[in-house]
Amino acid sequence: HLATSLPLPSERDHLRPRMDLIVFMIDIKSKYSLKNVEASLAHVDASFFLGKVCFLVTGVGRVNACSIETNAVCKLGEAYCSPVLFCELELEGIRAATAQRLLRMLQICAGHIPGVSALSFVSLMRNSDDD
Amino acid sequence: MDETVAEYIRRTVLKIPRDEIKTMLQKWGFLSEAQLRTLNFHQIKDNISQQVVQLCEENSADLKQAAVLDIIYNHNYQNKRMWSVYQMKKSGEESDYFDITEFKKKVKGRLRSALKNVTITFKEYEDNAIWIRVAWGTPYKKPNQYKPSYVVYHSQTPYVFISSSALRSNLPLLCQALIVATNYHDIREMELRSHCLNSLKDIVFKRYSQNFQTYCPQPLQEENVEPESADVRIVQENRSEKERIHRLNLEAFGSGPQPKLEFAQYKLETMFKSDPKMGVLDKREPFRCLVKFSSPHLLESLKSLAPAGMADVPLSPLLTCIPHKARNYFKIREKKCLFPEGFVSP
């Protein structure tokens, strides 16, 4: 399900399945994109932040066009206890690799991987970040 | 052949990209096919141009032919120049039969009677466009062939497109010559400028697709149609919002390609509105400010703002009115005084 912001339009509530993972996409070239994500976060139920939220920063390949500091995004990730991924969608290889990472995370969040829960996975990722 | 003419032809040929030289010389038609065949287009341009000059020497080229070659070059690369649009007004209703010979005679006559040293050249094209090239001199100096003015006139219209590399001091004379020759009684410069001559023509001749207020059942149809994305597993949550944006944007811009403009300029002479306690400006004077939007293709980029999520619909009428009002220079003044050329800022 693709949406431009949260909350989701209520008229489709009855058509929506269970949400296992929310990926917030932030375009590093657009300050508005970060503001939009920050505003949308307020509409997310607290239970999602136990490993079912992820921030995806796109456009990092174009260093000259950055409008947002990576520091700011990392702080956002820390504040909401959720991992931050960086990628460049214009490069096919990175795009495919990022999609595979997200898919893996989704499998865990949906409970398809026995023995690994969303919460345990996200705490694993946090520990590696702190190194 | 005059040395200055030879030099002028040499420099004109040098401007042409190597692959285009042959075509352009053929369009010119001054050198025969046999002569063109003797030219070696694989050598460096310097040598090509020297060879062309030698051939022109054989044919005794004069200034008139050199000027025609220059018109052909500028007609081909018309988008390198900046064009302004002028509108002429008729006093009476009768539309005189347009005689091209009379027109040329009157233009030449008027210009020459005011200024002895001018070079005037005409070339007609199939789309009814008459190109006029004027090189300006002074009573004591011969015309400067390297800074001419170009005029494009379509005989059945009241519009003239002018591009000038010379000082603007010659423009009033040029304008006068044009209204005398065309039997109009007034001419004024429009607030419309661009590099793309065809787009300027599209705007004033209303050749672009304009938006019409149609109440067609498009929105209803789209609700029944599956999402356009290739994969049906992707659900667009904000589809109705996207459709609304698309519809409003289409109403504002129409569905066809937009005329090509490179900028829009807004001169603001409005009062600065701030918290009175801040006391930013003690004097109650208009805050003078210039806002300029530039883009390789301004109208298309404005049209794509809302679908890209970078602006809300509907866009400000100050932006969407550009082709309808045929202007890209605006003056915005305060609400109290409504001037004909400016209008109120929203």
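Begin with chain B as a whole and look at how its contacts span the sequence: in this predicted model, among contacts between residues at least 6 apart in sequence, 67% join residues that are at least 24 apart. Colouring chain B by secondary structure will bring up 13 helices and 9 strands. If you then switch to a surface display, the accessible surface of chain B comes to about 19,900 Å², with 53% of that belonging to carbon and sulfur atoms, while buried residues account for 43% of the 346 residues in the chain.

Next, select helix α1 (residues 3-15) and helix α4 (residues 45-58) of chain B, and show the side chains of Arg10(B), which lies in α1, and Asp46(B), which lies in α4. These two side chains meet in a salt bridge, at 3.7 Å from N to O, and the pair links distant parts of the chain, its members being 36 residues apart. Arg10(B) counts as buried at 18% relative accessibility, whereas Asp46(B), at 38%, counts as partly exposed. Add Glu7(B) and Arg11(B) to the selection, and you will have the four residues, together with Arg10(B) and Asp46(B), that are linked in a network of salt bridges.

Move on to helix α6 (residues 100-114) of chain B, and select Glu102(B) and Lys105(B), which are 3 residues apart in this helix and therefore separated by about one helical turn. A salt bridge joins Lys105(B) to Glu102(B), with the closest N and O atoms 3.8 Å apart. Of this pair, Lys105(B) counts as exposed at 57% relative accessibility, and Glu102(B) as partly exposed at 34%.

Now go to the loop of chain B between α13 (322-325) and β9 (329-333), and select Arg327(B), which is found there. Which side chain of opposite charge is nearest to Arg327(B), and how far away is it? It is Glu191(B), at 4.7 Å, and Arg327(B) is buried yet has no salt bridge; a salt bridge requires the nitrogen and the carboxyl oxygen to be within 4 Å. If you display backbone atoms as well, you can follow the side chain of Arg327(B) to the backbone oxygen of Tyr329(B), which it reaches at 3.0 Å.

For the last stop, bring chain A into view and select the contact between the two chains, which takes 8 residues from chain B and 11 residues from chain A. The area buried between chain B and chain A is about 830 Å², and carbon and sulfur atoms give 42% of it. On the chain B side, highlight Val235(B), Glu237(B) and Asn238(B), since these supply 68% of the area that chain B buries against chain A, more than any other three residues.

Across this interface there are 6 residue pairs in polar contact and 1 salt bridge. To see a salt bridge between the chains, select Glu237(B) and Arg16(A), whose side chains meet at 2.9 Å from N to O. Keep Arg16(A) selected and add Asp13(A), because Asp13(A) also forms a salt bridge with Arg16(A), the closest N and O atoms being 2.7 Å apart. Arg16(A) is buried, with a relative accessible area of 17%, whereas Asp13(A) is partly exposed, with a relative accessible area of 45%. Showing every salt bridge in the model would bring the count to 18 over all chains.

Methods. Residues numbered from 1 in each chain as written. Chains lettered and ligands numbered in written order. Predicted model: local features only at pLDDT ≥ 70, side-chain atom pairs only at ≥ 80, totals over all residues. Heavy atoms only, no water. Helix = DSSP H or I, 4+ residues; strand = E, 2+ residues; numbered from the N terminus. Buried < 20%, exposed > 50% of the residue type's maximum accessible area, 1.4 Å probe, protein only. Lys, Arg positive; Asp, Glu negative; His and termini not counted. Polar contact = N/O pair within 3.5 Å; in protein donor to acceptor, adjacent residues only side chain to side chain. Contact = heavy atoms within 4.5 Å. Areas by Shrake-Rupley, 256 points an atom, 1.4 Å probe, with all protein chains shown as cover. Buried area = accessible area lost by both parts, 1.4 Å probe.
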